[in-house]
Amino acid sequence: MKRGGYYSQHTKGALHVINRAGAHVLDRLSQIEIENRGRPFSIVDYGAADGGTSLPLISKIVKEVRDRAENRNITVTYTDLPHNDFSALFRMLHDRSEESESYLVNNKNVYTLSAGTSFYYQVVPDNSVDIAFSATAMHWLSGLPGTISNHVHAVGAQGEEWRTFRNYALRDWESILLHRARELVPGGILVMANFCIDEQGRYLGNTGGRNMFDTFHQLWSELAETGVITEAEYMNTAFPQFYKTIDQFCSPFRDPESAVHRAGLQLTTAYTGVTECPYRSEFNRVGDERAFADAYVPTLRSWSETVFRGGLSPSRSEQQRSEIVDRFYSSYHALVQSQPEEHAMDYVHTYMVIRKSDWIWVFADRLEAVYKFQFSVLADVLRQELLLHHGEAQQSEFQQAVRFW
Ligand SMILES: C[S@@+](CC[C@H](N)C(=O)[O-])C[C@H]1O[C@@H](n2cnc3c(N)ncnc32)[C@H](O)[C@@H]1O
């Protein structure tokens with residue numbers, strides 16, 4: 001991500017997504033007891049960037065908790081990768097000027113913390129989080145699973161290369177969920193809005209018109225064909241991302257034997273939704289091609305530049321790298337300006353609300369597992385006895401009875 005508050009100024013769509021996911025948080029919050037439990041009420045935003053887009057939502061959560069529990073301490077923990085610009089976040093939160101919208105201005109006993117720890121690790125202690133929130137962050141994988149021969153994104157990968165990305169992404173998803181399961185308090189909630197491929201095959205920048213990732217690929221391969229970048233640099237460039245389907249998001253919750261289910265996580269809501277590209281909407285309203293390209297391309301650049309810059313050889317100077325990526329985004333700018341009606345970056349998300357079971361349900365689940373195990377051991381012993389003393393016929397009758405049970 002670019003530094004210095006660049007992100008939230010250029011990502012108005014993200015704000016719309018957070019408002020939508022935030023409605024679920026506020027709805028659940030009204031059902032949660034917020035009496036003082038001898039520990040702070042804890043809110044965590046995973047992959048928060050500069051915190052600008054989640055500020056209105058977190059302000060509303062803080063206000064509601066404060067209204068209902070005047071003296072309860074509240075912590076808000078912002079997490080992101082170690083290189084994230086946390087200084088922009090804290091400058092915004094501690095702004096005491098008249099324009100400040102920070103919830104710290106009017107609320108006592110609210111403590112803001114940050115963790116530069118990836119959500120692929122446990123970030124905060126066991127049983128400590130009341131509300132876990134994450135928007136538009138978990139499509140980033142824990143690493144780059146492999147190369148993609150004829151594209152720059154898994155949406156364009158084929159065969160074995162695609163399967164490698166998919167398997168990696170599914171393991172990553174389980175890891176995210178298991179860490180959150182440990183962190184949440186029993187009864188705590190996890191609300192997420194994650195990029196996805198929806199039921200109609202739509203995904204970010206692919207909702208009609210020109211496919212954004214195909215355009216990235218076309219322009220990057222043109223640089224390879226004209227010798228501006230090497231073949232190795234072209235091959236090295238791929239987004240460490242994967243867009244899951246809603247089915248893939250939900251599958252760990254369907255299987256009662258899955259680690260996620262056994263960790264106590266229960267899915268209560270899941271659906272997909274499209275958020276219109278605000279830059280394109282503005283173009284539709286105003287019709288200014290240049291203004292559209294000027295606003296649209298920097299927003300693409302804010303989250304994609306690290307990938308293209310990272311694909312370039314380490315032997316290149318910083319200046320060379322900057323010239324190459326500037327040229328790349330200038331070409332994108334020219335395309336958008338010449339055919340504006342072909343471009344849009346509509347967001348396609350899966351919205352999910354997950355709850356960690358209360359202790360009693362986790363306990364009941366474990367008891368059931370132990371009971372099932374003991375029953376299967378007992379059944380095995382009986383089966384052996386039958387075989388020894390009464391032969392095959394009775395054993396098969398016995399097996400049918402066991403199956404029935
Ligand atoms: C598109 S931004 C979303 C920011 C904000 N949540 C929003 O919705 O506006 C994605 C953020 O996720 C962060 N991110 C990516 N991988 C991460 C990881 N493994 N752990 C924590 N944050 C991560 C990025 O650094 C970036 O700040």
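This passage looks at a strand trio, the shell around the ligand and a helix pair in a predicted model.

Strand β4, residues 129-135, sits in the middle of the strand story here. On one side of the bookkeeping, strand β1 (residues 41-46) is joined to β4 by 4 bridges, and the two run parallel. One pairing to look up is Ile-43, whose bridge partner in β4 is Ile-131. β4 also pairs with strand β5 (residues 184-197), again in parallel, this time through 6 bridges. There, Ala-132 has Leu-190 of β5 as its bridge partner. As for burial, 7 of the 7 residues of β4 are buried, so the strand is largely enclosed by the rest of the structure.

Turning to the ligand, 20 residues surround it, and the closest are Ala-14, Gly-47, Thr-53, Ala-135 and Ala-137. By class, this shell splits into 12 nonpolar residues, 7 polar ones and just 1 charged.

Further along the chain, helix α11 (residues 289-311) packs against helix α12 (residues 318-338) at an angle of about 145°, with 9 Å between their axes. The crossing of α11 past α12 is right-handed. On the α11 side, the contact includes Phe-292, Ala-293, Tyr-296, Val-297, Leu-300 and Phe-308, along with Glu-289, Arg-290, Arg-301, Glu-305 and Arg-309. From α12 come, among others, Val-325, Phe-328, Tyr-329, Tyr-332 and Val-336, plus Arg-321, His-333 and Gln-337. Sorted by class, the contact between these helices holds 11 nonpolar, 2 polar and 6 charged residues.

Key. Residues numbered from 1 in each chain as written. Predicted model: local features only at pLDDT ≥ 70, side-chain atom pairs only at ≥ 80, totals over all residues. Axes fitted to C-alpha atoms, helices over the stretch in contact; angles between N-to-C directions. Left-handed = near helix turned anticlockwise from the far one by under 90°. Contact = placed C-beta atoms within 7 Å. Nonpolar A, V, L, I, M, F, W, Y, C, P; charged D, E, K, R; others polar. Near = placed C-beta within 6 Å. Buried ≥ 20, exposed ≤ 12 C-beta atoms within 10 Å, placed from the backbone. Pairing = 2+ DSSP bridges.
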